[in-house]
Amino acid sequence: MVIEVIRIGQRLVRDDRVTTHVALVSRAFGAERIFMSEVNPEIKDTVEKINKTWGGKFEIDFIDKWKSVVKKKKEENFKIIHLSMYGQNINIIQEELRKEENLLIVVGAEKVPREIYELADYNVGVGSQPHSEISALAILLDRIQKGKQFEKDFPDAKRKIIPTKNGKNVQVKETRD
Ligand SMILES: C[S@@+](CC[C@H](N)C(=O)[O-])C[C@H]1O[C@@H](n2cnc3c(N)ncnc32)[C@H](O)[C@@H]1O
């Protein structure tokens with residue numbers, strides 16, 4: 001299964017920390033790419049540094065028009081999941097989502113355009129209370145992959161954590177640069 005994420009919607013104030021966290025959750029929870037607009041370019045540097053240190057090839061694509069990306073992904077047979085508190089409860093729909101091949105997950109920043117509700121194949125609510133795109137995204141990615149994302153290898157890492165009961169154990173790969 002290929003999973004990609006897109007963040008859409010008008011932000012009233014720039015919230016670089018939330019934007020960075022949406023990207024980091026996407027990466028750490030098994031997505032391959034995130035599409036974003038109106039983004040501080042430093043966020044790309046942050047994610048690239050994380051890739052270098054901790055491995056993997058997670059990508060950030062800066063975009064102008066979210067609708068063109070959604071339409072293109074539909075043509076490529078991706079199913080569009082829009083995360084919204086108004087959507088079908090995740091508990092009801094998760095089994096169906098796990099059977100899909102390729103997914104584009106849409107999260108909102110602030111106010112999301114009305115059209116996305118019609119363009120989406122699924123409107124999914126992580127409960128019907130307002131919370132945050134970071135939590136909604138993390139829970140959806142976990143429910144779809146049933147925790148398997150945490151067994152995934154991130155290749156070419158400079159540092160690799162060996163999980164331990166006490167303390168910190170980090171394997172550091174020798175490099176010549
Ligand atoms: C700060 S909220 C924006 C809520 C806003 N009232 C709106 O127009 O939808 C940002 C994003 O978090 C996600 N979100 C928040 N609560 C959610 C929930 N209960 N279920 C699914 N997604 C949620 C949605 O993607 C939403 O667009």
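Here are three short exercises on the structure above, each with a worked solution.

This is a predicted model, where local features need pLDDT of at least 70, side-chain atom pairs count only at pLDDT 80 or more, and totals for chains, interfaces and linings use all residues. Residues are numbered from 1 along each chain as its sequence is written.

**Exercise 1.** Work out how helix H1 and helix H2 cross and which residues meet.

*Solution.* Start by finding the helices: H1 covers residues 16-28 and H2 covers residues 42-54. (Helices are DSSP runs of H or I with at least four residues, strands are E runs of at least two, and both are numbered from the N terminus.)

Next, take the axes, which come within 10 Å and cross at roughly 35°. (Axes are lines fitted to C-alpha atoms, for helices over the stretch in contact, and angles run from 0 to 180 degrees between N-to-C directions.)

Now list the contacts: Asp16, Thr19, Thr20, Ala23 and Arg27 of H1 meet Ile43, Thr46 and Val47 of H2. (Contact means that C-beta atoms, placed from the backbone, lie within 7 Å.) Sorted by type, the residues of this H1 and H2 contact give 3 nonpolar, 3 polar and 2 charged. (Ala, Val, Leu, Ile, Met, Phe, Trp, Tyr, Cys and Pro count as nonpolar, Asp, Glu, Lys and Arg as charged, and the others, Gly among them, as polar.)

**Exercise 2.** Describe the shell of residues around the ligand.

*Solution.* First, pick out who comes nearest: of 17 residues around the ligand, that's Leu83, Met85, Gly108, Glu133 and Ala136. (A residue is near a molecule if its C-beta atom, placed from the backbone, lies within 6 Å of it.)

Then see where the shell comes from: strand S4 (79-89), strand S5 (102-108) and helix H6 (133-145) each supply at least two residues. S4 gives the most, with 3 residues. Last, split the shell by type, and you get 7 nonpolar, 7 polar and 3 charged.

**Exercise 3.** Place Ala109 and Val112, and say whether each is buried or exposed.

*Solution.* Begin with the loop between S5 and helix H5 (115-119), where Ala109 is found; Val112 has its place in the loop between S5 and H5 too.

Next, count neighbours. Ala109 has 20 C-beta neighbours inside 10 Å, so Ala109 counts as buried. Val112 is buried because 20 other C-beta atoms lie within 10 Å. (Buried takes 20 or more such atoms, exposed 12 or fewer, partly exposed anything in between.)

Finally, skip neighbours within four places in sequence: Ala109 is in contact with Arg7, Ile8, Gly9, Gln10 and Arg11, while Val112 touches Ile8 and Gly9.

Conventions:
Two residues are in contact if their C-beta atoms, placed from the backbone, lie within 7 Å.
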